[in-house]
Amino acid sequence: MMDDKANRDLHNVIVLSMLDGDLNDKECAFIEGLAARLGMDQGTLNDMCRQIRDGHKSISLPKNSAEAEMTVQMLAEAAAADGTVTPAERSLLHRICRHVGLDKQNADVVLDAILPGQSDDVSAADEEVNRQIEAMSQEIYADYVSWDASTRLAKLRAIAAHGAAAVIPLLRMLESYRVPDGLDDAMAFKALIVNELGSLGDERAIYYLAQQVNIGDVDDDITNSALRGTAAAAIGKIVGQPMAADAAGVAEARRWWRDAGRLKFDRLAY
């Protein structure tokens with residue numbers, strides 16, 4: 001039986017590992033090994049992963065400074081489990097370090113002892129790209145309603161032009177309940193985001209696109225047929241199996257997810 005601390009630590013590790021939208025074999029093995037050491041069975045682990053995917057994505061840190069530092073170390077090891085630490089993961093780890101009382105210099109010492117090496121120039125470049133994307137995202141939320149259709153598309157494509165670095169920000173916009181100020185048609189906005197994710201061709205988006213496809217067939221304030229069709233077409237672009245942006249394409253995407261996609265892109269949720 002796991003205690004509350006073990007549950008919290010494992011939850012934190014899974015949230016961080018899912019930050020980039022993907023869990024590869026090394027990350028899965030790290031999480032499953034940690035769960036086994038902490039005394040969690042596979043069924044309970046699957047339930048925890050489902051809850052996190054459904055939105056329980058906050059990281060909870062202990063108040064005790066010694067325990068907090070141990071938690072930071074565990075999270076850093078989780079981030080490094082696949083040999084690559086994304087800018088988003090490193091940025092989150094730095095925020096966690098500051099939250100537990102470590103300034104940037106001390107945080108660098110703690111994290112650099114665990115994380116794969118990155119030069120200061122690369123880190124600075126990554127941070128600058130993240131700042132640019134964040135500024136562009138905030139501009140979209142503030143000014144989107146005043147733009148015409150071509151400008152809206154151009155602004156989203158300017159974010160997507162950053163390539164892999166744009167995937168997580170675009171997924172956050174897609175998943176967020178926030179929509180641009182004064183916008184009535186949130187589904188059309190999300191469909192534009194989905195289309196850019198499909199054009200980027202990054203497999204990290206597949207799980208989230210599949211949720212849009214599988215959400216149901218009733219048009220309401222969280223989905224409609226156009227958004228579902230766009231998501232199906234985006235999945236097709238990424239996996240190389242062309243799917244139409246219509247009801248038939250949605251049905252095909254659902255079959256693909258059930259028969260093949262889920263096993264590959266949602267390993268810890270079955």
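**Exercise 1.** In this predicted model, find which residues G216 contacts beyond its neighbours within four places in sequence.

*Solution.* Start with the location. G216 sits in the loop joining α11 (206–214) and α12 (225–239). Now list the contacts: R228 and R254. Check R228 by backbone distance. R228 is twelve residues from G216 along the chain, and their C-alpha atoms are 8.7 Å apart. Finally, classify exposure. Buried requires under 20% relative accessible area. G216 has 21% relative accessibility, so G216 is partly exposed.

**Exercise 2.** Decide whether R8 is buried or exposed, and list its contacts outside four places in sequence.

*Solution.* R8 belongs to helix α1 (residues 4–17). Its relative accessibility is 18%, so R8 counts as buried. Its contacts are S60, P62, E67 and T71.

**Exercise 3.** Test the length of helix α9 (residues 164–175) against the expected span.

*Solution.* Take the twelve residues at 1.5 Å a residue; the expected span is 16 Å. The end C-alpha atoms lie 18 Å apart, which agrees. Next, pick out the buried positions of α9: A166, V167, I168, P169, L170, L171, M173 and L174.

**Exercise 4.** Place L170 in the largest nonpolar core.

*Solution.* That core has 42 residues. L170 is among those with the most contacts inside it, along with I140, L171, M173, I193, L197 and L209. Helices α7 (120–143), α8 (149–160), α9, α10 (186–200), α11, α12 and α13 (247–265) each contribute at least two core residues. Beyond four places in sequence, L170 touches L156, I159, A160, I193, E196, L197 and L200. Another core, of 28 residues, lies apart from the 42-residue one and includes L10, L45, I52 and L61.

How values were computed:
Residues numbered from 1 in each chain as written. Predicted model: local features only at pLDDT ≥ 70, side-chain atom pairs only at ≥ 80, totals over all residues. Heavy atoms only, no water. Helix = DSSP H or I, 4+ residues; strand = E, 2+ residues; numbered from the N terminus. Buried < 20%, exposed > 50% of the residue type's maximum accessible area, 1.4 Å probe, protein only. Contact = heavy atoms within 4.5 Å. Expected span 1.5 Å × (residues − 1). Core = buried A, V, L, I, M, F, W, Y, C linked by side-chain atoms within 4.5 Å.
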